[in-house]
Amino acid sequence: MAKVISDAAQAAAELSAAVDQATSMVFFGGAGVSTASGIPDFRSEDGLYHQHFKYPPEEMLSHDFYVTHTEEFFDFYRTRMIALGAKPSQAHLKLAELERAGKLAAVVTQNIDGLHQAAGSKNVLELHGSVHRNVCQRCGRVYSAEWIMGTEGAPRCPECGGAIKPDVVLYGESLDERVLTASVDAISKADLLVIGGTSLVVYPAAGLVNYFNGSRLVIVNRQSTPQDASADLVCACDIAKAFDF
């Protein structure tokens with residue numbers, strides 16, 4: 001039976017103790033890690049899926065929509081998916097600190113905002129890609145999110161005129177096999193897995209938890225998840241505060 005804590009200070013103390021006892025920790029995170037930095041998620045009450053657009057967000061973030069409504073796709077991408085003003089939260093910063101200390105082996109993230117790298121994390125496995133890489137489909141040149149924000153309509157490569165596509169996994173596309181394999185490898189070798197800011201309902205990403213064979217599973221998420229019953233510790237509180245240790 002999992003120990004459930006809702007008090008943030010107590011959760012931070014328990015999480016700190018779990019980290020101290022671990023030799024190889026992996027963090028698996030979702031949108032809730034970034035909401036602490038002011039980036040809206042998809043499924044919560046204030047998330048994108050509960051806002052009204054001309055098309056459903058799931059449709060606008062699909063491969064088919066990128067192909068058939070490229071300008072509208074990029075309008076949505078610029079205004080809703082790129083958040084250049086966002087800064088890493090305490091959770092991002094603590095994870096980077098733990099990596100520097102040799103405690104954290106990898107961050108496996110479903111987020112595309114690059115905030116883990118901005119905080120200083122090096123081994124970040126981005127399951128769904130990143131808005132900071134936008135690739136010419138003809139010559140392979142990579143353009144930054146800042147560059148995309150300075151364009152209008154459907155951007156074209158200045159070098160060859162090719163179409164630009166974000167290095168983001170859209171609906172209807174497969175996850176990168178190399179990232180997936182590296183994530184499975186990292187999780188299967190960890191003795192502590194901390195899951196944070198994810199409802200664990202989006203597959204195939206959520207299925208990665210099944211590869212954990214270690215001794216301690218900790219979940220840090222405001223809402224309950226399907227894995228709570230399997231966890232040793234559940235911190236049902238603000239994730240930034242839980243990592244304030």
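Reader: By class, how many nonpolar, polar and charged residues does the lining of the largest cavity have?

Author: In this predicted model, where local features need pLDDT of at least 70, side-chain atom pairs count only at pLDDT 80 or more, and totals for chains, interfaces and linings use all residues, the lining has 2 nonpolar, 5 polar and 2 charged residues. Residues are numbered from 1 along each chain as its sequence is written, and side-chain values use heavy atoms, with hydrogens and water left out. Ala, Val, Leu, Ile, Met, Phe, Trp, Tyr, Cys and Pro count as nonpolar, Asp, Glu, Lys and Arg as charged, and the others, Gly among them, as polar.

Reader: Which residues line the largest cavity?

Author: The lining is made by Thr109, Asn111, Asp113, Gly114, Leu115, His116, Gln117, Val124 and Glu126. Two elements, H7 and S4, give two or more residues to this lining, and H7 provides the largest share, 3 residues.

Reader: What makes this space a cavity, and what is its volume?

Author: On a 1 Å grid over the protein atoms alone, a cavity is a set of points where a 1.4 Å probe fits but cannot get out, whereas a pocket is an open set with protein on both sides within 12 Å along at least five of seven lines; lining residues have an atom within 4 Å of a point. The volume of the largest cavity is about 30 Å³, taken as the space filled by probe spheres set on points joined across faces, edges and corners. The structure holds 1 cavity of 30 Å³ or more.

Reader: What lines the second largest pocket, and which residues lie nearest its centre?

Author: That pocket has 17 lining residues, with Gly129, Asp167, Val168, Val169 and Asp176 nearest its centre. Strands S5 (129–136) and S7 (164–168) each give two or more residues to the lining, and S7 supplies the largest share, 4 residues. The second largest pocket encloses about 220 Å³ of space. By class, its lining comprises 7 nonpolar, 4 polar and 6 charged residues.

Reader: Why is His128 called buried?

Author: Buried means under 20% relative accessible area, exposed over 50%, and partly exposed in between (1.4 Å probe, protein chains only). His128 has a relative accessible area of 17%, so it is buried. It is found in the loop between strand S4 (124–126) and S5. Beyond its neighbours within four places in sequence, His128 is in contact (heavy atoms within 4.5 Å) with Thr109, Gln110, Ile112, Asp167, Val168, Val169, Leu175 and Ala205.

Reader: Does Thr151 count as buried or exposed?

Author: Thr151 has a relative accessibility of 17% and therefore counts as buried. Thr151 lies in the loop between helix H8 (145–149) and S7. Thr151 and Phe74 are 77 residues apart in sequence, yet their C-alpha atoms are 9.6 Å apart in space.

Reader: How do you know that S5 pairs with S6 and with S7?

Author: Helices (H or I, at least four residues) and strands (E, at least two) are DSSP runs numbered from the N terminus, and two strands pair if DSSP finds at least two bridges between them. S5 and S6 are joined by 2 bridges, and S5 and S7 by 5 bridges; both counts therefore satisfy the criterion. Val135 stands opposite Lys165 in S7 and has Val142 as its bridge partner in S6, while Asn134 stands opposite Tyr143 in S6.

Reader: What is the order of the strands in this open sheet, and which strands stand at the edges?

Author: The 3 strands follow the order S6-S5-S7, with antiparallel pairing. Strand S6 (142–143) and S7 stand at the edges, each with a single partner strand, so one side of each has no neighbour in the sheet. S5 and S6 form a hairpin with 5 residues between them, and Gly140 in the turn has a positive phi of about 85°.

Reader: Why is strand S9 described as largely enclosed by the rest of the structure?

Author: Strand S9 (residues 216–220) has 4 of its 5 residues buried, so it is largely enclosed. S9 runs parallel to strand S8 (residues 192–196), with 5 bridges joining them, and parallel to strand S10 (residues 233–235), with 3 bridges. Val218 stands opposite Val194 and has Leu233 as its bridge partner in S10.

Reader: Which residues of helix H6 are buried, and what do they pack against?

Author: In H6 (residues 90–100), Ala91, His92, Lys94, Leu95, Ala96, Leu98 and Glu99 are buried. These buried residues pack against helix H1 (8–21), strand S2 (25–29), helix H2 (31–35), strand S3 (104–109), helix H7 (115–119) and helix H10 (239–242). Gly102, which follows H6, has a positive phi near 85°.
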